[in-house]
Amino acid sequence: MKLINQTIARIFREIAIFLAMENVSFKPQAYEKAADVIDELTDAVDLIYKKGGVKSLVRSPGVGVSMAEKIEEFIRTGRVKYFEDLKKKWPIDIEEFMDIEGIGPKTLRHLYEKLGIKNLSGLEKAIKENKIRGLDGFGEKSQEKILKNIEFYKRSSGRMILGFVMPEIRVIEDELKMIKGVERVDVAGSVARRKETIGDVDLLVISKNSRPVMDYFANMSETEAVLSYGITRSSVRLKIGLDADLRVIEPESYGAALMYFIGSKEHNIALREIAIRNGWKLNEYGLFDGKKMIAGKTEEEIYKKLGLEYIPPELREMHGEIEAAKQNKLPKLIGYRDLFGDLHMHSIWSDGSNSIEEMARAAIERGLKYIVMSDHSKHLSVAH
């Protein structure tokens with residue numbers, strides 16, 4: 001599982017911040033770079049370690065012996081003593097501050113040493129009591145700016161960048177497909193619509209025997225806590241910080257359920273209005289004429305019955321797709337096979353993770369016509 005990569009990368013990033021707080025030279029950047037490399041690894045670090053121990057970990061660019069030994073320690077014990085010692089020395093909730101603009105390592109140290117601020121609630125309290133503006137290097141404007149950044153963080157918190165969590169979602173999807181009796185698995189919601197950020201994960205399954213599916217979902221390694229458990233629906237909290245819902249759907253209603261849970265809400269309302277104008281009813285169980293289901297097994301048959309061209313999930317945002325679908329004029333989505341090249345790539349000569357030859361071969365395998373290497377010069381500290 002690549003979840004271990006994300007956990008170690010987070011630990012290394014927090015170590016980088018702790019070391020920057022202590023004004024340590026070079027090491028913070030080294031740990032930050034190692035975190036980026038670990039995040040981008042194709043294989044999970046525990047699998048790499050099994051193949052060749054610490055030596056195999058060191059082969060990853062930017063991962064030195066000391067860092068590899070810390071990865072080894074985490075694989076064996078589930079903890080990194082060096083990291084825990086830093087947390088005891090600086091009992092600050094680093095993770096809470098990481099996404100707040102304007103709160104860097106030096107600011108964190110200053111706030112902790114002068115006001116004992118350890119977490120976000122402590123910072124908010126200090127701002128309300130006007131304690132921040134009295135510190136050296138701070139004033140009324142800087143206090144207001146910090147408060148605005150906290151408010152922005154709160155509005156956007158709970159959502160994650162899709163590209164960062166998509167690999168873990170794919171792992172869960174693939175694992176569910178392997179369960180005996182499972183006929184189909186789909187990820188719905190904002191993931192299916194490929195939104196930039198997502199707040200949760202919706203999974204739909206067709207299976208004649210739902211209990212093994214729900215049991216696996218509740219006990220899989222990616223699950224941190226079970227929020228609710230049922231025969232046809234369960235909810236869990238994932239270790240990556242998102243809630244996930246799993247529903248087992250009857251085959252005859254699967255298309256309707258998929259359409260309903262993919263959304264968007266506004267798109268679904270528009271479809272229901274079309275159904276009503278035809279004297280029908282559309283819901284998550286199907287398209288009905290009175291009590292008779294006239295469509296529901298697939299999304300395609302529902303769209304066709306409503307007089308619409310099939311609308312891909314990425315377009316279901318009420319930006320004119322209904323009108324375009326009526327006239328069979330939906331725009332063509334750009335797919336991976338439509339890409340001809342990449343204009344910005346770094347190799348191990350700079351701060352990348354692969355050689356130029358490896359990247360060229362990977363580009364050929366993906367059908368690209370060209371790539372442009374954009375390696376940094378030796379004058380930049382991150383370059384090899």
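**Helix packing and a buried alanine**

On the side of helix α7 that faces away from its buried residues sit two exposed ones, K106 and K114. This comes from a predicted model, and α7 is a handy place to start reading it. The helix covers residues 105-115, and its buried members are T107, L108 and L111. Looking down the axis of α7, these buried residues fall within an arc of 100°, so they line one face of the helix. What lies over them? The cover includes α1 (3-21), α6 (94-97) and α8 (120-128). Right after α7 comes G116, with a positive phi near 70°.

Next up is a pair of helices, α3 (residues 45-58) and α4 (residues 65-77). Their axes come within 10 Å and cross at roughly 150°. Because angles over 145 degrees count as roughly antiparallel, that makes α3 roughly antiparallel to α4. As for handedness, α3 passes α4 in a left-handed crossing. On the α3 side, the residues that do the touching are V45, D46, Y49, V54, L57 and V58, and they meet V65, A68, E69, I71, E72, I75 and R76 of α4. Sorted by kind, the residues of this contact come out as 9 nonpolar and 4 charged, with no polar ones.

Now for a single residue, A192, which belongs to helix α11 (residues 189-192). Is A192 buried or exposed? Its relative accessible area is 9%, and since buried means under 20%, A192 counts as buried. Leaving aside residues up to four places away in sequence, A192 touches V187, I262, P313 and E314. R159 makes a useful reference point for distance: it sits 33 residues from A192 along the chain, and the C-alpha atoms of the two are separated by 15 Å.

Stepping back to the whole protein, the secondary structure adds up to 17 helices and 12 strands. Taken along the principal axes, the C-alpha atoms fill a box of roughly 70 × 55 × 45 Å. The protein has 384 residues, and 43% of them are buried; T107, L108 and L111 in α7 are among the buried residues, and A192 is another buried one. Finally, there is the matter of how far apart in sequence the touching residues are. Taking contacts between residues at least 6 apart in sequence, 57% join residues at least 24 apart.

Technical notes: Residues numbered from 1 in each chain as written. Predicted model: local features only at pLDDT ≥ 70, side-chain atom pairs only at ≥ 80, totals over all residues. Heavy atoms only, no water. Axes fitted to C-alpha atoms, helices over the stretch in contact; angles between N-to-C directions. Helix = DSSP H or I, 4+ residues; strand = E, 2+ residues; numbered from the N terminus. Parallel < 35°, antiparallel > 145°, perpendicular 65-115°, else oblique. Left-handed = near helix turned anticlockwise from the far one by under 90°. Contact = heavy atoms within 4.5 Å. Nonpolar A, V, L, I, M, F, W, Y, C, P; charged D, E, K, R; others polar. Buried < 20%, exposed > 50% of the residue type's maximum accessible area, 1.4 Å probe, protein only. Arc of directions from axis to C-beta.
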